[in-house]
Amino acid sequence: MKYKIIQEVEKCIGCGACQATCPENWVLQKGKAKPKKQVITEKELKCNKEAAKVCPVQCIKITKV
Ligand code: SF4
């Protein structure tokens, strides 16, 4: 099973919470967060799910591919 990360970049306030929670897949670039990989495996899901949870503006969504 694979999952896709959908981020509403325009909503991102660049707080860094996702990166702090899941540095494996989140980087901050020019004041906005960005996932290194948009399609992730089951193994990578937990960390990215946590990142979605801690995002204060809830702009990270994860769907099944
Ligand atoms: S936690 Fe949300 S608002 Fe904060 S940097 Fe990450 S995507 Fe942007």
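Lys30 falls in the loop that links strand E2 (26-29) to strand E3 (32-35). The model is a predicted one, and in it this lysine has a positive phi of about 50° despite not being a glycine. That's worth a look, since most residues other than glycine have a negative phi. Lys30 has a relative accessibility of 88%, so it counts as exposed, the cut-off being over 50%.

The strands on either side of that loop run antiparallel, with 4 bridges joining E2 to E3. One pairing to pick out is Leu28, whose bridge partner in E3 is Ala33. Together E2 and E3 make a hairpin with 2 residues between the strands, and it's in this hairpin that Lys30 takes its positive phi near 50°.

Gln58 turns up with a similar story. Here too, a residue that isn't a glycine has a positive phi of about 50°. Gln58 sits in the loop between helix H2 (42-54) and strand E5 (60-64). With a relative accessibility of 41%, Gln58 counts as partly exposed, because that value lies between the 20% and 50% cut-offs.

Then there's the ligand, which sits in the largest cavity. Around the ligand are 14 residues, and the ones that come nearest are Cys12, Cys15, Gly16, Cys18 and Cys55. Sorted by class, the shell around the ligand is made up of 11 nonpolar and 3 polar residues, with no charged ones. Cysteine goes down as nonpolar in this count and glycine as polar, so Cys12, Cys15, Cys18 and Cys55 belong to the nonpolar part of the shell, and Gly16 to the polar part.

How values were computed: Residues are numbered from 1 along each chain as its sequence is written. This is a predicted model: local features need pLDDT of at least 70, side-chain atom pairs count only at pLDDT 80 or more; totals for chains, interfaces and linings use all residues. Side-chain values use heavy atoms; hydrogens and water are left out. A residue is near a molecule or strand if one of its heavy atoms lies within 4 Å of it. On a 1 Å grid over the protein atoms alone, a cavity is a set of points where a 1.4 Å probe fits but cannot get out, and a pocket is an open set with protein on both sides within 12 Å along at least five of seven lines; lining residues have an atom within 4 Å of a point. A molecule sits in a cavity or pocket if more than half of its atoms lie within 2 Å of its grid points. Buried means under 20% relative accessible area, exposed over 50%, partly exposed in between (1.4 Å probe, protein chains only). Two strands pair if DSSP finds at least two bridges between them.
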